[in-house]
Amino acid sequence: CVDVLADVDRTVRRRARAGVGFGDRDAVPVAWATPPPDPVLLDRLEDLGGRLAATEFLVDQSRARLDLDRPPLEALADSFLQGSLLGSSRQRARRLCDEARSHGARGAVISGLFSSSHCVSETRILREELSAGLDGPVLTFDVPSPGGRGLRNPVENRLAAYVEALSGRR
């Protein structure tokens, strides 16, 4: 495992020195609130010319470094309290706006899970805050069934039109 991480570190440093990044430099930066219930949508965002510029996904819960100079449980608790999904929906949206602006996001996506009870009320709050805090449109949609092709085509069509519209916003 250490050898793999060391190789990743060397590769990233070599690519950074050479100015080689990941993805298209002209990709449209987009913020994404709430984890998409279907991770294929993140791949589609990149395929359509977009890139994830800011998020509050669950993976963000482990981003804060542990302070190794503190007692272990205190350090772990402090790290947990820095997670992006803590606080009210309005607080989370404001944090996402700050991150989105700092990374040049031109808009935001909010994806819900069709028939999920919390998405109905939270989507409205997130949309209000993101619309007020970002200089760009907010796209909201529900994903009908993760992994299923059923109604995903209309969602992908909306995402494609959204990225196309954002590409004209510089």
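Helices are DSSP runs of H or I with at least four residues, numbered from the N terminus. By that rule, Ser121 belongs to helix α5, which covers residues 117-133. The structure described here is a predicted model. Its chain contains six helices and four strands, arranged along the sequence in the pattern α-β-α-β-α-α-β-α-β-α.

**Overall composition**

- The chain has 170 residues, of which 35% count as buried.
- Among contacts in the chain between residues at least 6 apart in sequence, 68% link residues that are at least 24 apart.

**The sheet**

- The four strands make up an open sheet with parallel pairing, and their order across it is β2-β1-β3-β4.
- Strands β2 (50-55) and β4 (138-143) occupy the edges; each has a single partner strand, so one side of each is left without a neighbour in the sheet.
- From one strand to the next, the twist averages 35°.
- Helix α4, formed by residues 89-102, packs on this sheet and touches β1 and β2. The direction of α4 makes about 135° with that of β2.

**Strand β1 and its partners**

- Strand β1 (residues 28-33) and strand β3 (residues 108-113) run parallel and are joined by three bridges. Within this pairing, Ala31 has Ala108 of β3 as its bridge partner.
- Strand β1 is also joined to β2 by five bridges, again in a parallel arrangement. Here Val28 has Gly50 of β2 as its bridge partner.
- Six of the six residues of β1 are buried, so this strand is largely enclosed by the rest of the structure.
- In a regular strand, side chains alternate between the two faces of the sheet.
- In β1, Val28, Val30 and Trp32 point one way, while Pro29, Ala31 and Ala33 point the other way; all of these residues are buried.

**The largest pocket**

- Empty space is revealed by rolling a probe the size of a water molecule over the atoms.
- The largest pocket has a volume of about 230 Å³.
- Its lining consists of Phe22, Gly23, Asp24, Ala27, Leu42, Leu45, Glu46, Gly49, Gly50, Arg51 and Leu52.
- Helix α2 (40-47) and strand β2 each contribute at least two residues to the lining of the largest pocket.
- By residue class, the lining of the largest pocket divides into five nonpolar, three polar and three charged residues.
- Gly50 thus appears in two settings: the lining of the largest pocket and the bridge to Val28.

**Selected positions outside the sheet**

- Ser121, located in helix α5, has a relative accessibility of 44% and therefore counts as partly exposed, a class that lies between under 20% for buried and over 50% for exposed. The C-alpha atoms of Ser121 and Ser89 are 9.6 Å apart, although 32 residues separate the two along the chain.
- Gln82 is found in the loop between α3 (72-81) and α4. With 49% relative accessibility, Gln82 counts as partly exposed. Its C-alpha atom is separated by 9.7 Å from that of Arg65, and the two residues are 17 residues apart along the chain.
- Asp135 lies in the loop that connects α5 and β4. Its relative accessible area is 68%, and it is therefore exposed. The C-alpha atoms of Asp135 and Ala108 are separated by 9.8 Å, with the residues 27 apart along the chain.
- Ala108 is also the bridge partner of Ala31 in β3.

Conventions: Residues are numbered from 1 along each chain as its sequence is written. This is a predicted model: local features need pLDDT of at least 70, side-chain atom pairs count only at pLDDT 80 or more; totals for chains, interfaces and linings use all residues. Side-chain values use heavy atoms; hydrogens and water are left out. Two strands pair if DSSP finds at least two bridges between them. Axes are lines fitted to C-alpha atoms, for helices over the stretch in contact, and angles run from 0 to 180 degrees between N-to-C directions. Contact means heavy atoms within 4.5 Å. On a 1 Å grid over the protein atoms alone, a cavity is a set of points where a 1.4 Å probe fits but cannot get out, and a pocket is an open set with protein on both sides within 12 Å along at least five of seven lines; lining residues have an atom within 4 Å of a point. Grid points are joined across faces, edges and corners, and a volume is the space filled by probe spheres set on the points. Ala, Val, Leu, Ile, Met, Phe, Trp, Tyr, Cys and Pro count as nonpolar, Asp, Glu, Lys and Arg as charged, and the others, Gly among them, as polar. Buried means under 20% relative accessible area, exposed over 50%, partly exposed in between (1.4 Å probe, protein chains only).
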